[in-house]
Amino acid sequence: MATKKLTTLCSFLATVSAGVVGFENEIYHESMVTVRASPNIALIKYWGKRDQILMLPHHSSISITLDGDNEVLYGDKNIKLFTTTSVLISNRLTHDELYINEELITSDDQSAHGLFRAIKILRDIADSREKMLIVSENLFPTAAGLASSASGIAALVFAVSMALKLDLSSRQLSIIARMGSGSASRSVIGGVVRWNSGLRDDGSDSFAQQIYSPNYWPEIVDLIAIVSLEEKKTSSRDGMAATVKSSGLYKERVRGVDERLQDLENAFREQNLAKLAKIVMIESNNMHATMLDTIEDLNRDTGSVIAGYTFDAGPNAHIITVKKYVGIITDRLSKIEGIKTLIMAGVGEGPRLLDSSDSLINREVLKPRDPSRAGALYTL
Ligand code: DP6
């Protein structure tokens, strides 16, 4: 099924591109290109797929492609928001090699799956079997929520298509990048970009287009306040799949998103910061509300469900489990900074009568028996 869908897509893309340049009998000579592409920040977010294979979203999204010639106002001055990718295609090469941030990546590396998929599609379109050496570098942290997969795949798709001498339109580049990672479909295009979800099952109408050029509103900037460079524990791919599967709020999100897309386009058109700021916050909160409403992934490390959390109005977590898992959970919790006390309580009885020896009253003197005890109760 998956292979069939991919084959259909490749033949669709090949038909479109074969009209642009003639590939037949073309003998590839050595070619090398180096390109750069930047991440994007979604202002109306892509969260949830209607087709996992073709990476077709449930709704459209809008992003701004970030300027790689960024300034670092304070902090690590070396951070540059772009991926640089070089591709060499040569018949002197005996096998393919892909390096990302100086590490050799193999096809069993799950996180690079999208890259290999995009390469395969481009190769099939060009009908090329030449080996490739691909070297890709990010000058910003990978997988820390800064959309490195979007810029990485956009750079790769652009570079490989150039090295294969494919003359692809931005629509075709966007569709191929989408097959590597949804958000990458927007990073092959500059400015303010809208990725239309499309309606067709083959994904041929699901691609990104520029809606405003980078110069349309030159004053607008994204100040990225980095608080952690740690890799995310759950990939967006797994997270959004879990949301679609388990969140009741998600349907509501999809219902409201079209209006927000329109409001955001209007805010850009009018260059209205107040409007834009409000919409982006509502949208961000909305996506995060559906994430909070996602329950699928909680017990991902243990393989089966061993616990669930519940919070009352305050910040303290109550973790509901059974006794046999207390050890493993306590072990995890002890590694979380900030948990000062861990109490274990079973299910108790209702009120019951205590013995007179437990009385807090000294009947003889008609006073509390041990005033210091009350204070002691609160010393945990
Ligand atoms: C929260 O594009 O990384 O950044 O298509 O599964 O590769 P896959 O997911 P990915 O998801 C990005 C999600 C997001 C929002 C966005 O960029 O629109």
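This text leads the reader through the surroundings of a ligand and then through a pocket, both in a predicted model.

The ligand is a suitable starting point. Around the ligand stand 14 residues, and the closest of these are Tyr46, Lys49, Ser181, Ser183 and Arg237. Three of the named residues may be followed in detail through their side chains. Lys49 places a polar side-chain atom 2.7 Å from an oxygen atom of the ligand. For Ser181, a polar side-chain atom lies 2.6 Å from an oxygen atom of the ligand. Arg237 likewise has a polar side-chain atom at 2.6 Å from a ligand oxygen atom. A polar contact is a pair of N or O atoms within 3.5 Å. Considered on its own, the ligand exposes 460 Å², and the protein buries 85% of that area.

The shell may also be described as a whole. Its greatest contribution comes from helix α6, which spans residues 236-246 and supplies three residues. By chemical class, the shell around the ligand consists of five nonpolar, five polar and four charged residues.

Attention now turns to the second largest pocket. The space within this pocket amounts to about 1,200 Å³. Its lining is formed by 37 residues, and those nearest the centre of the pocket are Asn70, Glu71, Leu81, Asp222 and Ile224. What is the chemical character of the residues in this lining, divided into nonpolar, polar and charged? The lining of the second largest pocket contains 24 nonpolar residues, together with eight polar and five charged ones.

Methods. Residues are numbered from 1 along each chain as its sequence is written. This is a predicted model: local features need pLDDT of at least 70, side-chain atom pairs count only at pLDDT 80 or more; totals for chains, interfaces and linings use all residues. Side-chain values use heavy atoms; hydrogens and water are left out. A residue is near a molecule or strand if one of its heavy atoms lies within 4 Å of it. A polar contact is a pair of N or O atoms within 3.5 Å; within protein, one must be able to donate a hydrogen and the other to accept it, and residues adjacent in sequence count only if both atoms are side-chain atoms. Accessible areas come from the Shrake-Rupley method with a 1.4 Å probe; for residues, only the protein chains shown count as cover. Helices (H or I, at least four residues) and strands (E, at least two) are DSSP runs, numbered from the N terminus. Ala, Val, Leu, Ile, Met, Phe, Trp, Tyr, Cys and Pro count as nonpolar, Asp, Glu, Lys and Arg as charged, and the others, Gly among them, as polar. On a 1 Å grid over the protein atoms alone, a cavity is a set of points where a 1.4 Å probe fits but cannot get out, and a pocket is an open set with protein on both sides within 12 Å along at least five of seven lines; lining residues have an atom within 4 Å of a point. Grid points are joined across faces, edges and corners, and a volume is the space filled by probe spheres set on the points.
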